[in-house]
Amino acid sequence: MVMVPWEELQRDEKRYAALVSMLLLRLRPRARVVEGAGGDGGKDAYEYDEDNQLIIYELKSFTERLTGGRRTQVKKSLMTAAQHQPDAWDLVVPVRPTAGEWSWFDGLRKDYPFVRSLCGLDWLNEKLALHDDLVRAAVQGPDGYLLDRIADARAERDVLLGGVPDLAERYEVLMRRASEISPHYGLTVSHAEEGGTEIAIAAKDPRVADVAPILVEGELVFSEDDPVGAEVRSRYERAVFYGGDVDLPGAHLRGFRLSAPPELGISGPMPLYEMRIRSHREPLVPALCAQLSVVGASGLPLQSVPLRFYERSRGTGGATLFGSDVAGLIEVQARLAPGAGTWQLDVTSCEPLEYPTPATALPVLQVMAHARAGALVRMTFHAGSTLESVLDSDWTDDDFRSWVGLCEDLRFIQEATNTTFPIPSEMSGADASGIRQAARLLRGEAVSLGQGPLTSSVNPDRAGALDVFAAGQQRLVLAREVTFQLGGWLAPLGTCVEYCVVEQPSGLAHVRDEMRSGRSASVRLSLPRGGRVYRRLLKHMPLEWLPPELAARREVNAAGASSGPFGEPSR
């Protein structure tokens, strides 16, 4: 533990105030420190606590007894603070009060009932024991700090004789030392993807920008005649205004310098090949929920999808919300400028870790498909506010909309067959054709299988079946169980009937001769001009087309189903 030389700090009030102020910022997340050069108005440090009560902290560097003169200074500060009507007032001073001094402090409440606590020497030592980096930064000079590091530097040059445990121990020491370099900023070391070492510098407290900022100064150059440069400038201005991320190529960077607290050792010129600006993202807990809708001409949503925003970044004029839909199919960035009353929305698709079912994915896909130029997009937050905007361009193309139609058919198939499975990661043309055909069958439509001619093999013992063609055109009906298959997933459609009208087969005499010789023969059957072979689910077939056994089966399997007109094939 680093000992605090309070007597030395008494002679340097600025260093004392800096040390105790930083400690208060660590202990009290809502605290604010007032720069006293122009007068602090009786508030060295203050906060509005969780109950919105004003608490003022008065910092005095006295280390000796609270004499009459020092008591007068305290009371003068107390009188000034009373003008702000605080709910509580604490005195922070590195002394160990005597009984008389405690009695004097308690007596202040007679005239100032908001006086609360005297945080003395024992309190300060206890709290600072947990924050050595603050003491080192505020108390030790550069030479003293360097001497403390010599042993560490020598150790790092030694061979890691202890193997992995030695490496882990030294790494832990280095990380601890890194956290002590600056009282304001923490350092994180990692291996960069492109090689080398990457050091991330992050504020230990978000209010550090008011105390010890890191400033990057330079010139951004964008040519008015360069379309690429104009796009980079637009992205940069948008990131600064709303908060967000942007990459700036070196061609647009000139004369950059970095100014930072001296303990970081990074101040000076910065030759840059690229600058990546990443806004700090604040987590939103709980997530901010909203409903994204595409609104039709009637004013009612054509489709909507729930969104959840998990993070927020702030800019000079607005903020950006980062979120996604519940299924994780799209990422959404909503840029809001409350003062200007404007908003922008970026929606990008992302590859899901697991492909969802059609029922889960379709709301998102349909929103994307309906979002065309001129459509009204509305985002309604659960808190009650609503944003609306008219789209300048389509979010998707016709190929995407065709794919959405396939997913709608796939959802219908799954609902009709009580079978659920995810959308395949890849779909071929044959898969798409099978989905459309299965959906049409389940909707009661007749599916055309082609125009023929048909070829059938007839055994000799069935030669009498050829006699039916003597009367002219005939109906042919074939029933079988059909299963829809997509990848490794199966969905039974039920009994399907294939049917058509055929004419008298040609070469019938030759066929009969073959059969009389005891051989099977192939019969070639032609369809009338314009005739086709159709397939339809048994439950949707017209009864007059069905032979008695299939008609009876249909009545059993599809009791109560409608048997209205279905559009028979040409005869």
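**Reasoning from values to terms in a predicted model**

Mentor: Val189, Ile199, Ile201 and Ile266 form a nonpolar patch on the surface, with about 290 Å² of accessible area together. Please bear in mind that the model is predicted.

Trainee: What makes isoleucine 201 partly exposed?

Mentor: Its relative accessible area is 36%. Partly exposed residues fall between the limits of 20% and 50%, so isoleucine 201 belongs to that class. This residue lies in strand S7, residues 197-203. A patch residue must have over 30% relative accessible area, and the 36% of isoleucine 201 satisfies that condition.

Trainee: Why is serine 324 called buried?

Mentor: Buried means under 20% relative accessible area. Serine 324 has 14%, and therefore it counts as buried. It is found in strand S15, residues 319-325. Setting aside residues up to four places away in sequence, serine 324 touches Leu307, Arg308, Tyr310, Ile330, Glu331 and Val332.

Trainee: Why is glycine 494 called partly exposed?

Mentor: Its relative accessibility is 23%. The buried class ends at 20%, so glycine 494 counts as partly exposed. Glycine 494 lies in strand S23, residues 489-502. Apart from neighbours within four places in sequence, its contacts are Arg480, Glu481 and Val482.

Trainee: Which class does leucine 121 belong to, buried or exposed, and how do you know?

Mentor: Leucine 121 has 15% relative accessibility. As the limit for buried is under 20%, leucine 121 counts as buried. This residue is found in helix H5, residues 121-128. Beyond its neighbours within four places in sequence, leucine 121 is in contact with Trp6, Val93, Pro94, Val95 and Arg96.

Trainee: How do you know that the span of helix H3 agrees with expectation?

Mentor: Helix H3, residues 68-82, has 15 residues, which should span 21 Å at 1.5 Å a residue. Its end C-alpha atoms are 21 Å apart, so the two values agree. In H3, the residues Arg70, Val74, Ser77, Leu78 and Ala81 are buried. They cover an arc of only 105° around the axis, and therefore lie on the same side of H3.

Trainee: Why can residues three or four places apart in a helix point the same way?

Mentor: An α-helix has 3.6 residues a turn, so such residues point the same way. The face of H3 turned away from the buried side carries the exposed residues Thr72 and Lys76. The buried residues pack against several elements, among them helix H1 (6-10) and strand S3 (54-59).

Trainee: What makes aspartate 245 and arginine 281 a salt bridge?

Mentor: The closest N and O atoms of this pair are 3.3 Å apart. The cut-off is within 4 Å, so the pair qualifies. It links distant parts of the chain, with aspartate 245 in strand S9 and arginine 281 in the loop between strand S12 and strand S13. The structure holds 28 salt bridges.

Trainee: Why is it said that the salt bridge of arginine 553 and glutamate 481 ties together parts of the chain?

Mentor: The side chains of arginine 553 and glutamate 481 meet at 2.5 Å, N to O. Arginine 553 lies in helix H14 and glutamate 481 in strand S22, so the pair ties together parts that are 72 residues apart in sequence. Glutamate 481 has 52% relative accessibility and therefore counts as exposed, since exposed means over 50%. Arginine 553, with 34%, is partly exposed.

Terms used. Residues numbered from 1 in each chain as written. Predicted model: local features only at pLDDT ≥ 70, side-chain atom pairs only at ≥ 80, totals over all residues. Heavy atoms only, no water. Helix = DSSP H or I, 4+ residues; strand = E, 2+ residues; numbered from the N terminus. Buried < 20%, exposed > 50% of the residue type's maximum accessible area, 1.4 Å probe, protein only. Contact = heavy atoms within 4.5 Å. Expected span 1.5 Å × (residues − 1). Arc of directions from axis to C-beta. Patch = residues over 30% accessible without salt bridge, like charges linked within 9 Å, V, L, I, M, F, W, Y side chains within 5 Å. Areas by Shrake-Rupley, 256 points an atom, 1.4 Å probe, with all protein chains shown as cover.
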